[in-house]
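Me: I've just opened this one and could use a quick tour. Can you walk me through a few spots?
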Amino acid sequence: MTGTTSMPAADPEAVRPGPAGAPPSPAGPSSPAGALDARSVSAWFGERKVLDRVSLEMPAGRVTALIGPSGCGKSTFLRILNRMHELVPAASLAGEVLLDGEDVYAPERRLTEARRDIGMVFQKPNPFPAMSIYDNVVAGLRLTGIRASRAEKDRLVEECLTKAGLWREVADRLRQPGGALSGGQQQRLCIARSLAVRPKVLLMDEPCSALDPTSTRRIEQTIRELVDEVTIVIVTHNMQQAQRVSDRCAFFLAEQGTPGAVVEHGPTEAMFTAPVDQRTSDYVNGRFG
Ligand SMILES: Nc1ncnc2c1ncn2[C@@H]1O[C@H](COP(=O)(O)OP(=O)(O)OP(=O)(O)O)[C@@H](O)[C@H]1O
């Protein structure tokens, strides 16, 4: 059982407060991709329940796409996975999130550790605009308390920019500001920044919605290249994108004012070609949403 800030007293699902932030541990070697397992996760904003008992396994080394109409709780679910939901005043939750079998919300687990293991890339690219490309990539090290020599940082910057598919475009201008890059390049810079702390999981909340089609395809290619070493969970409204990048899909729906719930989940191909639930079929075929 996990929990965050406050909780409607009348609700039977109990929560407990999360641990306070604590100094991070030093960087280890690159970890194998992590398996995420959400068990009966519910979420509230104040008294309003927005997610109802969502259980979903997100296997290691796979891309899981969260799909569904606007407002059904996809982003809230994503933010619960790396403990960002608890930053919202009056937000609360119940259920469990396990990373490789360990409770992400365990009292002894440091908040910074959870955020380092489970990184996040947002809808709008958010590099530090005045900071150099190089410093953007290594920014996460300082924030998570990881010490690295100059030579280690140099290697890390090249490695992460290469993995994010940006190295060749910026290798000769690492000291230029991150804000001077195009939108698609900025998003790949943010991916490189996330990779620098060696996460086991990368959460992506509509990472291409602010990008043109060419940049979108480049990010999709990057996602497929990364999945060998990091588990990816992506929220997308784009059904073609879900089919192109994901191995598995989960269809979220909030019907008639009820909290969001998962209607169906499974291998992406099956979800699109032979969905079990009529509502999934209607959604993936564009009949609503
Ligand atoms: N900070 C917040 N405070 C109060 N309610 C919120 C907050 N964030 C989200 N909600 C509500 O929670 C519900 C789920 O929102 P969420 O953003 O998770 O849905 P979503 O499926 O990701 O939507 P979209 O596809 O439009 O991004 C919505 O009804 C939304 O209004």
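Reply: Sure, here are a sheet, a helix lying across it and two arginines. Keep in mind that this is a predicted model.

Me: Okay, the sheet to begin with. In what order do the strands of the open sheet come?
Reply: The order is β2-β1-β4-β5, so to speak reading across, with antiparallel pairing among the 4 strands.

Me: Which ones are the edge strands?
Reply: Those are β2 (48-58) and β5 (102-103), each of which pairs on one side only.

Me: And over how many bridges do β1 and β4 pair?
Reply: β1, covering residues 36-45, pairs with β4 over 8 bridges, in the antiparallel sense. If you want a spot to look at, Ala-43 stands opposite Leu-93 in β4.

Me: Which strands does α1 lie across?
Reply: α1 lies across β1, β2 and β4, and runs at about 120 degrees to β1.

Me: Switching topic: where is Arg-83?
Reply: Arg-83 is in the loop between α1 (74-81) and β4 (91-99). Its phi is near 65 degrees, which is a positive value in a residue other than glycine.

Me: Is Arg-83 buried or exposed, and why?
Reply: Arg-83 is buried, because it has 24 C-beta neighbours inside 10 Å and the cut-off for buried is 20 or more.

Me: What about phi of Arg-198?
Reply: That one is near 55 degrees, again a positive value in a residue other than glycine. Arg-198 is in the loop between α6 (183-195) and β7 (201-205).

Me: Why does Arg-198 count as buried?
Reply: Arg-198 has 20 C-beta neighbours inside 10 Å, so it counts as buried.

Technical notes. Residues are numbered from 1 along each chain as its sequence is written. This is a predicted model: local features need pLDDT of at least 70, side-chain atom pairs count only at pLDDT 80 or more; totals for chains, interfaces and linings use all residues. Helices (H or I, at least four residues) and strands (E, at least two) are DSSP runs, numbered from the N terminus. A residue is buried if 20 or more other C-beta atoms lie within 10 Å of its own, exposed if 12 or fewer, and partly exposed in between; C-beta atoms are placed from the backbone. Two strands pair if DSSP finds at least two bridges between them. Two residues are in contact if their C-beta atoms, placed from the backbone, lie within 7 Å. Axes are lines fitted to C-alpha atoms, for helices over the stretch in contact, and angles run from 0 to 180 degrees between N-to-C directions.
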